Amino acid sequence: PGAWFGADRVPPRAAAGPYAGIVVNRPIDQVLTYRCGPRVAAAIRPGQRVRVPLGKGNRLAVGYCVGVEDAPPEGLDPGRLKEVAEVLDPAPLIDSRMLELTRWMAEYYVCSWGQALDSAVPAGVRNQAGTRVGTFLLVPEETRQALKDQTLKPRLSPKQAAAMETLCRATGPLTISDVCRRAKCTAAPILALRRQGLIHSVKRRVGLGEAFGADEGDGESDLPDLARPPGPPGGVGPAKARLTLTPEQDAVMAALRPALAGDGFAPFLIHGVTGSGKTEVYLSAIEQVVARGREAIVLVPEISLTPQTIRRFRRRFDRVAVLHSHLSDVERHRHWQSIAEGEVQVVVGARSAIFAPARRLGLIVIDEEHESTFKQETVPRYHARDVAVKRAQLERVPVLLGSATPALETWRNADRGRYVKLAMASRVEGRPMPAVDVIDLRREKKFTGGLSESLREAVHRAVDDGGQVILLLNRRGYHTFVICPHCGDVVKCHACDVAMTHHKGRRLLLCHTCDAERPCPPACPSCGKPGLHYGGIGTERLEKEVIGAFPDRVVRRMDSDTMRRPGSHEEVLAAFKAGDVQILLGTQMIAKGLDFPNVTLVGVVNADTALHLPDFRAAERTFQLVAQVAGRTGRGDKPGRVLVQTYCPDAPAIVHAVRHDYEGFVAVELPEREGHGTPPFHRIVRVIARGPEESVVAKYMERLGVELRGAAEPSVRILGPAPAPILKIRNLYRFHLQARCPTARPLQVLLRDVPGRVPAPGGVELAIDVDPTSM
Ligand code: ADP
Ligand code: ZN
């Protein structure tokens, strides 16, 4: 596809051309070449969308123009090329650097360029949400002049004069009905003005920034974060929010400063323990680039997009755009436009904010870079951290990856000198790391409902002393399984190969994979005998237990069952912050990013939930979760304490998390990874096929496996195929195989080439996942 790239120039008016390179959002590998007629040639630019005839039927499809050239690529007969039917966007949606970034994504993640582009440009931008095409009235200059000269006024009826005045005063385009409403007249005087040629009407698309006449009540809130007028160019918000940096923060800033002031790619890993003040470092770094008139993009996990984080950014900068997944299309479009027009200093957002159209990018920050939510699980299956590093490289700006528990891939990149490692080993203001103790569940006698005797006592002590408590249990529901004591079968989802979870409050069994529900069966669905046994502990059961044990304390549960309503998240956190809630329990939702100084105890109810998953990252995930949740305590003046309940106190992930010893964990884990040939030593591409017939999927994968083995370079190892860890989801059977290699390139080449030669049978879908984060 390279031939097309980077053609930013205006196409000349050649008789036979020009020729446009077009990509579409289909799994089509190539850039398609189309001829441009004169009308299209005058309008088309790379980065615009077009409509083109596609395939034998010549059905019109929407595509992106990725280049315009005077001559067609070599070997193509210009006479046989189809023509671009229509240019859709008045101006390019993305610039040449974003074209290059998405092209890299397509190559790296083995998808089509069109698919990568569609993920980079939000739907709200593509469908121009919030804008409308209407017939608008314009007052030509002659009319305005005549009004000034007082030659026109006497000739107008009072109604016409009122309509004219409304039109002349309006700050944006008005429709006939807008004028009727404002001037309190009917359409007749307006039409009369038009007949006399005193006003014109034009068809235009308007919206977003443009004043919308009297068109009130479209239901869209004004975005509060952009409501303030833009400050002076490059202006930085009030300095009052700035803290005096600690010596460690100072040292990190000193290391960053040359890069922030420079014009080159510079990747950094900031390895700072929880509470070491990483966010303060990000803010200072952003200040430096904003002061140069540049923009910053800050990626945070969706879960951290709390009012607390947002407030911290808003206090420091005047113009902050926040992109989270709950934005409407209109809001997203509006943000996109403001960012593209340079009205925003800082973009804070989840994964897809990495595509924010900042034109004078100066810095990218990825907070909690180890988080798996940065990985997109649909095509293109990109990892926002890795796309961020690539974007920083293309735009020649610094990129900061921050974490207390860096992904091992990142750690190794730093070890190999690809990233500069900067450490922050202690908490601000000399606060100690919390003391962590393990509760060995194998030795606990009175262990019911999730709370061991020791944990129960510790909670008592903490709340009696006026502290607050966080209890983490990474499983929702009441009972986590239902089993038949006679035949031993576990009650599974009808559509998935997954045990159902008992949600007692709703009196049903729920599949956490496909959300299917069924009533609690009176007898075993397999053998028909009554007396099913309900077991396992989820957050709903833990909540009941805790309320029972602490009847005069306020307990709140935070998981995706209780947090369905928009805003409920904020509400609970605000109540917790205000001290109205003493015990907050929940899933990983409460493990991350929260900064509440009065939390003196964190209890990890079951540290083993992730430890036994069939995933080579199981230990890493367990370490991260325990270390992160431990980081929620001891953030104020009172010291914090952490209790970790586990059946595996000797697992290295738990041993090292307890000691806050990331490097110790890495020293054990890395050799394991190397021995198993998994990342960060080997790259993995996972290939998953799914379809309604188990044997068809299995057979297809066998064939694909043979073909891949035949075509693979010697450095590539193919594992499988095998049934996926969850064989059936939503009635589709899944088989997978892995290709591994010390470098990614041979894998990407192999997987771009081979599957096309082994077309999947009807009903079978193939997915290619480069650098998978879940197995
Ligand atoms: P991290 O992101 O590393 O977990 P934060 O940036 O959230 O750490 O800082 C932890 C706490 O310490 C916050 O309450 C923050 O306001 C405070 N803090 C950070 N830097 C300083 C500083 N230089 N002086 C005083 N307090 C600080
Ligand atoms: Zn299911």
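Here is a short chat about a predicted model, its cysteine sites, its ligand and its cores.

Biologist: UniProt has a "binding site" annotation that covers Cys484, Cys487 and two other residues; how far apart are the C-alpha atoms at most?

Modeller: The unreviewed entry lists Cys484, Cys487, Cys524 and Cys527. They span 44 residues in sequence, yet they gather at one spot, because no two of their C-alpha atoms are more than 8.5 Å apart.

Biologist: Is Cys487 buried or exposed?

Modeller: Cys487 sits in the loop between β17 (481–483) and β18 (501–503). Beyond its neighbours within four places in sequence, Cys487 is in contact with Cys524, Ser526 and Cys527. The cut-off for exposed is 12 or fewer C-beta neighbours. Cys487 has 11 inside 10 Å, so the call is exposed.

Biologist: And Cys527, which residues does it touch, skipping those up to four places away in sequence?

Modeller: Look for Cys527 in the loop between β20 (517–519) and β21 (533–535). Cys527 counts as exposed, with 11 C-beta neighbours inside 10 Å. Its contacts, leaving out residues up to four places away, are Cys484, His486 and Cys487.

Biologist: There's another "binding site" feature at Cys493, Cys496, Cys511 and Cys514. What is the largest C-alpha distance there?

Modeller: UniProt, again in an unreviewed entry, places that feature at those four cysteines. They are spread over 22 residues of sequence but cluster in space, with a largest C-alpha distance of 8.6 Å.

Biologist: Is Cys493 buried or exposed?

Modeller: Cys493 is in the loop between β17 and β18. Apart from residues up to four places away in sequence, it touches Val498, Met500, Cys511, Thr513, Cys514 and Ala516. Burial takes 20 or more other C-beta atoms within 10 Å. Cys493 has 24, so it is buried.

Biologist: What about Cys514, which class of exposure does it get?

Modeller: Cys514 lies in the loop between β19 (508–510) and β20. Its contacts, neighbours within four places aside, are Cys493, Ala495, Cys496, Ile729 and Arg730. It has 16 C-beta neighbours inside 10 Å, so Cys514 counts as partly exposed.

Biologist: On to ligand 1: which element gives the largest share of its shell?

Modeller: There are 17 residues around ligand 1, and Leu243, Gly277, Lys278, Thr279 and Glu280 come nearest. By class, the shell has 3 nonpolar, 9 polar and 5 charged residues. The largest share, 3 residues, comes from α10.

Biologist: How many residues of α10 are buried?

Modeller: Helix α10 covers residues 278–291 and reaches 20 Å from first C-alpha to last, close to the 20 Å expected at 1.5 Å a residue. After the helix comes Gly293, with a positive phi near 80 degrees. α10 is mostly covered, and the buried count is 13 of its 14 residues.

Biologist: Which residues have the most contacts inside the largest nonpolar core?

Modeller: That core has 173 residues. Take Ile297: outside residues up to four places away in sequence, it touches Val347, Ala353, Ile354, Ala356, Ala358, Leu361 and Ile364. A second, separate core of 12 residues includes Phe136, Leu167, Ile190 and Leu198. In the largest core, the residues with the most contacts are Ile297, Leu299, Val347 and Val626.

Biologist: Last one: how far apart in space are His676 and Phe616?

Modeller: His676 lies in helix α20 (residues 662–676). It is exposed, with 12 other C-beta atoms within 10 Å. His676 and Phe616 are 60 residues apart in sequence, and C-alpha to C-alpha they are 8.8 Å apart.

How values were computed
Residues numbered from 1 in each chain as written. Chains lettered and ligands numbered in written order. Predicted model: local features only at pLDDT ≥ 70, side-chain atom pairs only at ≥ 80, totals over all residues. UniProt positions renumbered as here; feature names shortened; annotations may be inferred. Helix = DSSP H or I, 4+ residues; strand = E, 2+ residues; numbered from the N terminus. Contact = placed C-beta atoms within 7 Å. Expected span 1.5 Å × (residues − 1). Core = buried A, V, L, I, M, F, W, Y, C linked by C-beta atoms within 7 Å. Near = placed C-beta within 6 Å. Nonpolar A, V, L, I, M, F, W, Y, C, P; charged D, E, K, R; others polar.
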